Amino acid sequence: MQTNIYLGIAWLIYGAIHSLLATEILKKAFPSKYYRLIYNSLAIVLIIPILYLQVTLPSVNMMQSSLLSQILSGMMMLSGIYLVYVSFRNYDLKAFLGIDFNDAKKKSDLQIEGVSSVVRHPIYTGILLFLWGTFGYFTTESYLVTAIALTLYIRIGIYFEEKKLVQEFGKQYEKYQKEVPMLIPKF
């Protein structure tokens, strides 16, 4: 149990640093041309030790999994990966990764096509499907801690991200918020 507390604290620290790096104050501290690359590189470097801790720490199995639960959980994980993949079609991948060093700042348009017409944050939906599918597959305390911590972080992050999006796109984004659900599609 104590090791899972360390894991939870590690995810909280990661989330705090990740959010801090996304603030306007810190964005201005880096050359704008390289900010996104620095941000993504730090996110990767900082997450590696946490993922290592995740897979190596001893953790109690919470329940016995069946073949059916493993198949369903595997389908959730694959669906999550596929949703993230498909979601990137709405992005300039070079700009997202921070490897587009063009000095001219491109004003982006609000992307509401494809999977973004079904949920406002399809990448986060995909990540959540993957996280909870992983917990369902492995059923250990450490995977539950990770799923809960990252679900909370994503939900809090969406709150602040949407404030920025309303500032950037105004009434267009407010209309989008009213028409399209945040994470779970309407059926």
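Hi everyone. Two helices, α1 (2–21) and α3 (35–56), each bring at least two residues to a nonpolar patch on this protein. Helices here, and strands too, are DSSP runs numbered from the N terminus, with at least four residues of H or I for a helix and at least two of E for a strand. Before I go on, please keep in mind that this is a predicted model, where local features need pLDDT of at least 70 and side-chain atom pairs count only at pLDDT 80 or more, while totals for chains, interfaces and linings use all residues. Residues are numbered from 1 along each chain as its sequence is written, and side-chain values use heavy atoms, with hydrogens and water left out.

So, back to the patch. Its members are Ile5, Tyr6, Ile9, Ile13, Ile17, Leu42 and Leu46, and together they have about 580 Å² of accessible area. That area comes from the Shrake-Rupley method with a 1.4 Å probe, and for residues only the protein chains shown count as cover. To be in a patch, a residue needs over 30% relative accessible area and no salt bridge; like charges are joined within 9 Å, and nonpolar side chains (Val, Leu, Ile, Met, Phe, Trp, Tyr) within 5 Å. Which helix gives the most to the patch? That is α1, with five residues. Tyrosine 6 sits in α1, and its relative accessible area of 47% makes it partly exposed. On that scale, buried means under 20% relative accessible area, exposed means over 50%, and partly exposed is what lies in between, with a 1.4 Å probe and protein chains only.

Let me step back to the whole fold. The protein has eight helices and zero strands, so along the sequence the pattern reads α-α-α-α-α-α-α-α, by the DSSP runs I described. Its C-alpha atoms fill a box of roughly 55 × 40 × 25 Å, taken along the principal axes. Of the 187 residues, 33% count as buried.

Next, a pocket. The second largest one holds about 160 Å³ of space, and the volume is the space filled by probe spheres set on grid points that are joined across faces, edges and corners. The grid has a 1 Å spacing over the protein atoms alone; a pocket is an open set of points with protein on both sides within 12 Å along at least five of seven lines, whereas a cavity is a set where a 1.4 Å probe fits but cannot get out, and lining residues have an atom within 4 Å of a point. What lines this second largest pocket? Thr125, Leu128, Leu129, Leu183, Ile184, Pro185 and Phe187 do. By class, that is six nonpolar residues, one polar and no charged. Here Ala, Val, Leu, Ile, Met, Phe, Trp, Tyr, Cys and Pro count as nonpolar, Asp, Glu, Lys and Arg as charged, and the others, Gly among them, as polar. One of the lining residues, leucine 128, belongs to helix α6 (residues 122–138), and at 14% relative accessibility leucine 128 is buried.

Just past that helix there is a backbone detail you may like. Threonine 139 is in the loop between α6 and α7 (141–169), and its phi is near 50 degrees, a positive value in a residue other than glycine. Most residues other than glycine have a negative phi. Threonine 139 is also buried, with a relative accessible area of 3%.

Now for the charged pairs. How many salt bridges are there? The count is four, taking a side-chain nitrogen of Lys or Arg within 4 Å of a carboxyl oxygen of Asp or Glu. In helix α2 (residues 24–29), lysine 27 and glutamate 24 are three residues apart, about one helical turn, and their side chains meet at 3.5 Å, N to O. Lysine 27 is partly exposed at 27%, and glutamate 24 is partly exposed at 44%.

Helix α8 (residues 171–179) has lysine 171 and glutamate 174, again three residues apart, in a salt bridge of 3.9 Å, N to O. Lysine 171 is exposed, at 67%, while glutamate 174 is partly exposed, at 30%. Also in α8, lysine 175 and glutamate 179 are four residues apart, about one turn of the helix, with their closest N and O atoms 3.1 Å apart.

Last stop: valine 86, in helix α4 (residues 67–87), is buried at 13%. Valine 86 and proline 122 are 36 residues apart in sequence and 8.8 Å apart in space, C-alpha to C-alpha. Thanks for listening!
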